[in-house]
Amino acid sequence: MVQKKEETVAFKAEVSKVLDIVIHSLYSNSEIFLRELISNASDACDKLRYALLTHPGLKHAAGEFKITLIPDSSAKTLTVADNGIGMNKDDLINHLGTIARSGSAEFLKTLTGDKQKDMALIGQFGVGFYASFMVADKVVVKTKKAGDETGWIWESNGADSFTIKEDKNIDYGTSITLYLKKDSLDYAEPIRLRYLVRQYSDYIAVPIVLKADQKEEVINAASALWTRNKTEITPEQYRDFYQAISHAFDDPWMTLHYKAEGVIDYTTLLFIPTKPPFNLFQPDRKSGLQLYANRVFISDDIPDLMPHFLRFVTGVIDTSDLPLNVSREMLQKTPVMAKIKKGIVHRILEELKKRSENKEDYATFWNSFGIVFKEGLYEPIDERKEVSELCRFHTLNNSELVSFSDYVQAMKPEQKNIYYLTGSDLETLKNNPQLEGFKARGIDVLLLTDPIDEFWIQTFNEFEGKQIVSVMHAKDDLEKISPSETETGEPLTKEQTDLLKKIFKKILGSAIGDVQTTERLTKSPIALITPEGQMSLNLERLMKAHGQQIAFNSARILEINPRHPLIKKLAEMAQKNEDSDCLTDTIHLLFDQTLITEGEPIKDPAQFMERMTKLMLSGLTKE
Ligand code: ADP
């Protein structure tokens with residue numbers, strides 16, 4: 001038989017980079033390669049089992065599904081074989097030659113070259129098949145896909161390329177042979193393999209057979225973990241299962257294992273990670289949830305199995321209420337899925353509520369996933385109220401995270417609304433002049449620093465009958481609450497106010513919309529706000545940062561503090577001479593200063609400097 005020639009294919013750039021990091025930095029954790037290979041083999045069996053339900057005539061490997069480990073200490077190899085779905089040439093090139101997972105390219109950009117840091121990052125990423133190169137100098141994959149007539153041999157030393165050649169004498173399924181490195185020869189010892197399988201892969205539902213010394217022995221429990229009784233499962237087993245299905249290295253923050261019986265029967269074993277996975281914000285990211293029908297794997301890529309705001313939940317859902325040969329189209333239509341989803345969401349929220357009683361513990365969850373969870377405040381869901389009760393915020397008056405109810409309970413007797421301010425950074429927000437009047441009155445303010453906050457705040461604007469209002473639109477509410485710090489001095493007269501408004505408008509022209517006085521400022525002379533219903537300054541900045549062309553918001557309102565000595569001085573100057581240069585310069589400087597505190601660029605920095613120098617000089621001359 002004529003064998004086709006061998007082809008050499010270069011790894012995609014990102015694979016070489018991952019390989020390099022895997023080999024050099026993850027080394028202390030090298031044993032996880034076995035868990036990764038076994039997990040792939042088990043997935044391959046699941047996929048074939050499902051394919052046979054829909055295509056019963058498909059040619060495939062004989063016998064019961066199993067994963068075989070064949071250590072050979074004299075050849076210094078370990079082979080991991082399965083009789084699952086197998087791979088064709090395209091699969092080999094696409095799956096073992098590139099990293100197909102969404103967000104990989106962006107993820108790799110975050111790597112720093114610092115081993116310690118990168119190790120933590122790559123841990124979030126999950127290295128899969130490539131982990132083999134931590135223990136092997138050379139890896140040979142022999143595989144034939146169910147239904148195909150020919151098999152393939154893939155070979156690589158993990159440097160920058162692999163070879164691929166056709167071979168008609170290969171059996172259905174996949175066998176992966178690792179040529180072990182000198183310091184990894186223990187992986188060819190049965191005793192080590194037995195130990196590792198028990199530790200990492202005991203729950204794998206397919207039998208794992210150790211073939212050594214002419215004997216075959218099943219070395220895992222081979223029953224799906226979620227079908228076992230809760231009391232028989234140790235926390236370590238839950239953790240190992242979580243780590244294997246999520247390709248993670250952290251501990252689960254929450255483990256939720258229960259059986260629902262009623263209209264729909266299902267068992268579910270769900271996890272919330274402690275740390276966010278690297279691709280949490282990738283739109284095409286898979287959910288991390290696997291669906292089984294009576295222990296037969298159906299899919300790990302079912303859209304809308306979980307609402308978006310819970311997309312960090314991973315685990316398994318197994319139901320007896322779906323036919324085994326259920327199609328993807330059917331999955332989207334069947335009311336069974338909608339009912340399961342409802343049940344699960346309800347249960348997760350209930351558990352979160354329990355866990356939220358321990359503030360410190362809950363803060364761990366919130367700091368990792370709050371930013372995603374808040375999407376539940378505007379996603380079209382029935383559980384909006386429950387979600388809002390579980391949200392936590394930084395505030396002006398608290399160092400700990402605060403809930404809406406905590407906020408409401410601490411409200412001043414005369415206070416009507418819940419107030420918030422958005423911005424990009426907590427410390428800058430705390431010093432924002434907009435908060436001066438609130439500080440003087442001891443009124444708390446939610447400080448919102450996630451981009452997502454700009455979005456939910458548009459639709460979720462009431463909690464237990466209290467309006468959620470921007471500090472900029474507090475209007476006359478503040479006048480009703482007297483400040484604890486006494487404000488110094490009398491405000492401007494009506495006449496002075498009108499004159500100043502006119503002059504500010506004349507001098508600043510189209511840079512501002514309107515001018516009004518405010519009670520919100522105590523220390524600062526002026527501030528800028530956006531009118532209600534307009535895009536906030538923070539949102540405007542965010543959109544610009546994302547390359548959106550936004551017209552300059554000319555509708556901004558300039559607010560003046562009628563009790564501030566500088567403002568009063570300006571009024572006196574204006575009464576004497578409306579056209580004085582000094583008045584004009586000071587108003588320009590004030591405006592530019594305000595832009596700076598808002599984190600905005602000033603329009604003409606050179607002119608700003610010129611005016612500033614002039615003012616300093618005149619100040620110093622008087623010394
Ligand atoms: P992941 O398992 O996270 O997708 P891997 O790098 O471990 O990432 O594997 C990449 C892909 O290669 C798998 O998704 C699968 O399509 C394919 N693959 C790996 N091992 C096998 C196997 N034993 N049988 C069939 N396909 C496999």
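Let's start where two helices touch: Ile32, Leu34, Arg35 and Ile38 in α2 meet Leu193, Leu196, Val197 and Tyr200 in α6. Sort those contact residues by class and you get seven nonpolar, one charged and no polar. Keep in mind as you look around that this is a predicted model.

Zoom out a little from those side chains to the helices that carry them. Helix α2 covers residues 32-54 and helix α6 covers residues 190-200, and the two pack with their axes 10 Å apart, at an angle of about 65°. Angles of 65 to 115 degrees count as roughly perpendicular, so α2 is described as roughly perpendicular to α6. As for handedness, α2 and α6 make a right-handed crossing.

Further along the chain there's another pair to look at, helix α9 (residues 335-355) and helix α10 (residues 359-373). Here the axes are 10 Å apart and the packing angle is about 140°. That makes α9 and α10 oblique to each other. On the α9 side, the contact uses Leu349, Leu352 and Arg355, while α10 brings Asp361, Tyr362, Phe365 and Phe373. Five of the residues in this contact are nonpolar and two are charged, with no polar ones.

A third pair is made by helix α17, residues 494-508, and helix α20, residues 581-597. Their axes come within 10 Å and cross at roughly 80°, which means α17 is roughly perpendicular to α20. If you want to find the spot, look for Ile503, Phe504, Ile507 and Leu508 in α17; they meet Leu583, Thr584, Ile587, His588, Leu590 and Phe591 in α20. This contact has eight nonpolar residues and two polar ones, but no charged residues.

Now for the empty spaces. The second largest pocket has a volume of about 580 Å³. It is lined by 32 residues, and the ones closest to its centre are Tyr420, Thr422, Glu454, Ser470 and Ser536. Several elements share the job of lining this pocket: the strands β16 (418-422) and β19 (466-470), along with the helices α13 (426-430), α15 (453-459) and α18 (537-545), each supply at least two residues. By class, the lining of the second largest pocket splits into 17 polar, 10 nonpolar and five charged residues.

There is also space shut inside the protein. The structure holds one cavity of 30 Å³ or more, and the largest cavity contains about 60 Å³ of space. Around the largest cavity sit Glu414, Gln415, Lys416, Tyr419, Ile443, Asp477, Leu478, Lys480 and Ile481. Which helix gives the most to this lining? That would be α16 (residues 477-480), with three residues. The lining of the largest cavity includes four charged residues, four nonpolar ones and one polar one.

Note on methods:
Residues numbered from 1 in each chain as written. Predicted model: local features only at pLDDT ≥ 70, side-chain atom pairs only at ≥ 80, totals over all residues. Heavy atoms only, no water. Axes fitted to C-alpha atoms, helices over the stretch in contact; angles between N-to-C directions. Helix = DSSP H or I, 4+ residues; strand = E, 2+ residues; numbered from the N terminus. Parallel < 35°, antiparallel > 145°, perpendicular 65-115°, else oblique. Left-handed = near helix turned anticlockwise from the far one by under 90°. Contact = heavy atoms within 4.5 Å. Nonpolar A, V, L, I, M, F, W, Y, C, P; charged D, E, K, R; others polar. 1 Å grid on protein atoms, 1.4 Å probe; cavity = no way out; pocket = protein on both sides within 12 Å on 5 of 7 lines; lining within 4 Å. Points joined across faces, edges and corners; volume = space filled by probe spheres on them.
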